[in-house]
Amino acid sequence: AGSCLAVVRGYGATRWQPRRSRACMMAGPDGGGSAGGPSASPATPAALEGLMGAFDGLVKGAFDSLPMGGGGGGAAAAKLGATKQALLDACDATARGTRSSDAALAEIEGLIDELAELNAMAARDTGSSPDLTGKWALMFTTEQELLGLMGNPLTVVYQTLDIENGKLGNGVEWSNGVTFTVDSTLSSDAEVDVRSNFVFKSAALTVPDIPILGTRTLTLPPIGKGWFDNVYLDRDLRLNRDLRGNTVVYQRMVELEEGGMIIV
């Protein structure tokens, strides 16, 4: 199996780097005689070579069909990596959706459809997968409410998911230090295996360094609930479509030892 490719993006720098996949150890046929018992003739070297060739072909075909990173065959992994890169490049060209066009949106939706098909082939229960847990940076959205907040490229929009404890957080951080956060409960759906359900619990707007007053937080009463489908998920990329027909592309954020976060 080939190496899994992970995209690393940080403040103008984008590169693909290899990530080690799990080692796969398989035992071939033991080369014993046929089922006819002790009197059966042993297999010839040519027959064993043919059997091993057929076995290798079956194994390669099985691994090539795996759509998720960390186990796909060389051709499948290359195709997956190219499709992910094309999607991220298309998202970058729209400035996270704030400068989109009909043609750009069609390209992005088409690439997401390709990756969603791979997710469906893998029959993964992405609505409750532990791979959801983590902090995710928003790279593209069609949600108008968010687009209105993202005119400044330095504005960070993210989600935090905690599957084990059933928590979902949404956050917006502006370059002037103002933050807006929404906390919700999170649960998988009993009928749709790619779906995550949420119910809003609380919201807060925090404004730092107000003259005389200092930092102040205004709590807001959140109202509502909803769901989103994780139509594609791997270790570094998550693609969502929600009940209002919006599309969102997320990349995982990882904390650096020296401080700060990087999108991986």
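**Exercise 1. State the accessible surface of the chain and the share that belongs to carbon and sulfur atoms.**

Solution. The accessible surface comes to about 14,700 Å², a value from the Shrake-Rupley method with a 1.4 Å probe, where for residues only the protein chains shown count as cover. Carbon and sulfur atoms hold 58% of this surface. The model is predicted: local features need pLDDT of at least 70, side-chain atom pairs count only at pLDDT 80 or more, and totals for chains, interfaces and linings use all residues. Residues are numbered from 1 along each chain as its sequence is written, and side-chain values use heavy atoms, with hydrogens and water left out.

**Exercise 2. Describe the chain by its helices, strands and buried residues.**

Solution. Begin with the elements: the chain has 4 helices and 12 strands, where helices (H or I, at least four residues) and strands (E, at least two) are DSSP runs numbered from the N terminus. Next, of the 264 residues, 36% are buried (buried means under 20% relative accessible area, exposed over 50%, partly exposed in between, with a 1.4 Å probe and protein chains only).

**Exercise 3. Identify the members of the largest nonpolar core that touch the most other members, and the elements that contribute to this core.**

Solution. A nonpolar core is a set of buried Ala, Val, Leu, Ile, Met, Phe, Trp, Tyr and Cys residues joined through side-chain atoms within 4.5 Å. The largest one has 21 residues, and Leu87, Ile108, Ile112, Leu115, Leu237, Leu239 and Val249 touch the most other members. Two or more residues come from each of several elements, including helix 2 (74–93), helix 3 (102–122) and strand 10 (237–242). Finally, take leucine 87: leaving aside residues up to four places away in sequence, leucine 87 touches Ile108, Leu111, Ile112, Leu115, Leu237 and Leu239 (contact means heavy atoms within 4.5 Å).

**Exercise 4. Determine which parts of the chain are linked by the salt bridges of arginine 241 and aspartate 229.**

Solution. A salt bridge is a side-chain nitrogen of Lys or Arg within 4 Å of a carboxyl oxygen of Asp or Glu. By this rule there are 7 salt bridges. In one of them, arginine 241 meets aspartate 113 at 2.9 Å, N to O. This pair links strand 10 to helix 3, 128 residues apart. Arginine 241 is partly exposed at 21% relative accessible area, and aspartate 113 is partly exposed at 42%.

Turn to aspartate 229, whose side chain meets that of arginine 195 at 2.7 Å, N to O. Aspartate 229 lies in strand 9 and arginine 195 in strand 7 (residues 195–210), 34 residues apart. Both aspartate 229 and arginine 195 are buried.
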